[in-house]
Amino acid sequence: MQPEINTKEFNSKIINEIKKRRTFAIISHPDAGKTTLTEKFLLFGGAIQTAGAVKSNKIKKHATSDFMDIERQRGISVATSVMSFEYKNILVNLLDTPGHKDFAEDTYRTLTAVDSVVLVIDSVKGVEEQTKRLMEVCRMRDTPVIVFVNKLDRDGKNPFDLLDEIESELNIQLHPLSWPIGMGKEFKGVYNLFEKSLLLFNPNQKTTEEDVPIENINDEIVEQKLGAKDANRLREDVELIEGVYEEFDPQPYLEGKIAPVFFGSAINNFGVKELLETFIQIAPLPQERAVTTRVVEPDENKFSGFVFKIHANLDPRHRDRIAFLRVCAGKFERNKYFHHVRLDKNVRFSNPYTFLARDKDIIESAYPGDVVGLFDTGNFKIGDTLTEGEDFYFTGIPSFSPEIFKEVVNKDPMKTKQLEKGLLQLTDEGVAQLFTQFGGNKKIIGCVGELQFEVIQYRLLHEYGASVQLNSLPYYKACWITSKDPKKLEEFIKFKSGNIAKDKDGLLVYLAQSEWFLNTERTNNPDIEFHFTSEIHK
Ligand code: G4P
């Protein structure tokens, strides 16, 4: 018999654990400085001792199509998928997102498991393609965002122009909490608008920053430190900023309406500590989450969590998969039976592991905000929920429209069964999405990047013995279609049957050849709604 749980004691323990945790991701367009910033955070947290430790695990961004090489590196990167460290008594869970754009969907899904993000922008390049898409995903859940404008040691865009650009391109209101003084060779440091202090950059002593508290921006000390020209420009800038922005209020940030902005240079470890310090002060604790039946609070007595990522090991000697589970409520315990909602069966884990950098090891328990790695032999798919008995699914875990589509042609009819199984399992892992032509049997796979097709072809052959040819299809997006008027939907499907397919859950999609075709269909069929995402559970 289970010992009687003292609910009150349990609750206060859990609330303390929740208060300690911050779970977030750093996101950026490739090359903006995500890896460098991650590394500096880890150095502050004492999780790594030397610079370069993260970098060596990184997937080469410019890798050509040698996906085995990338997979090998991905294998290594499992260890750094979640990096946990303590800073000033706060347990920070930093979820890594792949830099390679072909793995973008992995990144999008990881964003469902965090409570906030830090978005890195290159001050020279400004808002880039991937920045926009990542922000769109953050907007879907109103995820709180802190912006870090990086590479101030290079001649970048004017900071006011940059703020305008970010606001208009990313459709979010900003609130600068620090302000740069000069740029490139003239970069002198930043003025911390929040703490009212000058942080001076010394290019010759890269790691040391001088922090000068300023009571009044008109004080003589500002001249002494910056020289008359820069001091005057800073005063003008600050006057302008203070005229535009009111005192910083964390509430709209927590609601995802306003993004605080910091300026710095990750490679020089400049402005990073200020970012981290503010982050642990204002970033949200593990949040409540909507499920299909209600809202789950993190401090509930009963455990629940969901799988947001599955990582398959390509090494034939270790054919296990690792399912990444975000703990959302209660306490996860090793060897305790939990309810796997989709399979309606009880499962327990004898070797769950955590990602504490000091101690990358088997864990006994985990709390809301934590990510647990579960060895899996094929029981999990993305979006699966574990509970202590209650039946529900976490919502807000979307599938995104793929961008490249290929028809699967079976080259070995003797292996049809293996092929079907392989396709189902690989798509469960989230490697790709599977569609079946409407009224037919043609199998179509859709991915975000070319690399994924190579992964699929290789894995189908090596893991399932199924040999396939993948023929390109001329589609640009798959839109999930719905309508309030079932008759209209039926007519549309009939009329456009060549472009209609069903996803794995039987939901209808319209495969559009181009944006023009999609817009035309939108205009011609006002009763049909076209969606670029579909929720795994609603
Ligand atoms: P990513 O993960 O977002 O793709 O970016 P990453 O940190 O790898 O940084 C991309 C490049 O930008 C790296 O140079 C890195 O050293 C550089 N970088 C990062 N922060 C700063 C900064 O504050 N100032 C300047 N000037 N450069 C910065 P690389 O040449 O691509 O790689 P490496 O040879 O330095 O490893």
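This briefing covers one sheet with the helices that pack on it, and then a selection of salt bridges. The model is a predicted one. Its sheet is open and has seven strands with mixed pairing, and the structure as a whole holds 36 salt bridges.

**The seven-stranded sheet**

- The strands follow the order S2-S3-S1-S4-S5-S11-S6, and the edge positions belong to strand S2 (82–87) and strand S6 (173–176), each of which pairs on one side only.
- From one strand to the next, the twist averages 30 degrees.
- Strand S6 pairs with strand S11 (residues 258–263) in the parallel sense, over four bridges, and histidine 175 has proline 260 in S11 as its bridge partner.

**Helices on the sheet**

- Helix H6 (residues 159–170) packs on the sheet, where it touches strand S4 (116–122), strand S5 (145–150), S6 and S11, and its direction makes about 150 degrees with that of S6.
- Helix H10 (residues 272–282) lies across strand S1 (21–28), S2, strand S3 (90–95), S4, S5 and S11, and runs at about 180 degrees to S5.

**A salt bridge within one helix**

- Arginine 109 and aspartate 106 form a salt bridge in which the closest N and O atoms are 3.6 Å apart; both residues lie in helix H4 (residues 104–110), three residues apart, or about one turn of the helix.
- Arginine 109 counts as buried, at 5% relative accessibility, and aspartate 106 is also buried, with a relative accessible area of 13%.

**Salt bridges between separate parts of the chain**

- Lysine 484 forms a salt bridge with glutamate 529, with 3.6 Å between the closest N and O atoms; this pair links distant parts of the chain, since lysine 484 sits in the loop between strand S27 (477–483) and helix H13 (486–495) while glutamate 529 belongs to strand S30 (residues 528–531), 45 residues apart.
- Lysine 484 is exposed, with a relative accessible area of 77%, whereas glutamate 529, at 34% relative accessibility, counts as partly exposed.
- A further salt bridge joins the side chains of glutamate 521 and lysine 496 at 3.0 Å, N to O; because glutamate 521 lies in helix H14 (residues 515–524) and lysine 496 in the loop between H13 and strand S28 (500–502), the pair ties together parts that are 25 residues apart in sequence.
- Glutamate 521 and lysine 496 are both buried.

**A salt-bridge network**

- Arg321, Asp376, Glu429, Arg459 and Glu463 are joined into one network by salt bridges that share partners.

Terms used: Residues are numbered from 1 along each chain as its sequence is written. This is a predicted model: local features need pLDDT of at least 70, side-chain atom pairs count only at pLDDT 80 or more; totals for chains, interfaces and linings use all residues. Side-chain values use heavy atoms; hydrogens and water are left out. Two strands pair if DSSP finds at least two bridges between them. Helices (H or I, at least four residues) and strands (E, at least two) are DSSP runs, numbered from the N terminus. Axes are lines fitted to C-alpha atoms, for helices over the stretch in contact, and angles run from 0 to 180 degrees between N-to-C directions. Contact means heavy atoms within 4.5 Å. A salt bridge is a side-chain nitrogen of Lys or Arg within 4 Å of a carboxyl oxygen of Asp or Glu. Buried means under 20% relative accessible area, exposed over 50%, partly exposed in between (1.4 Å probe, protein chains only).
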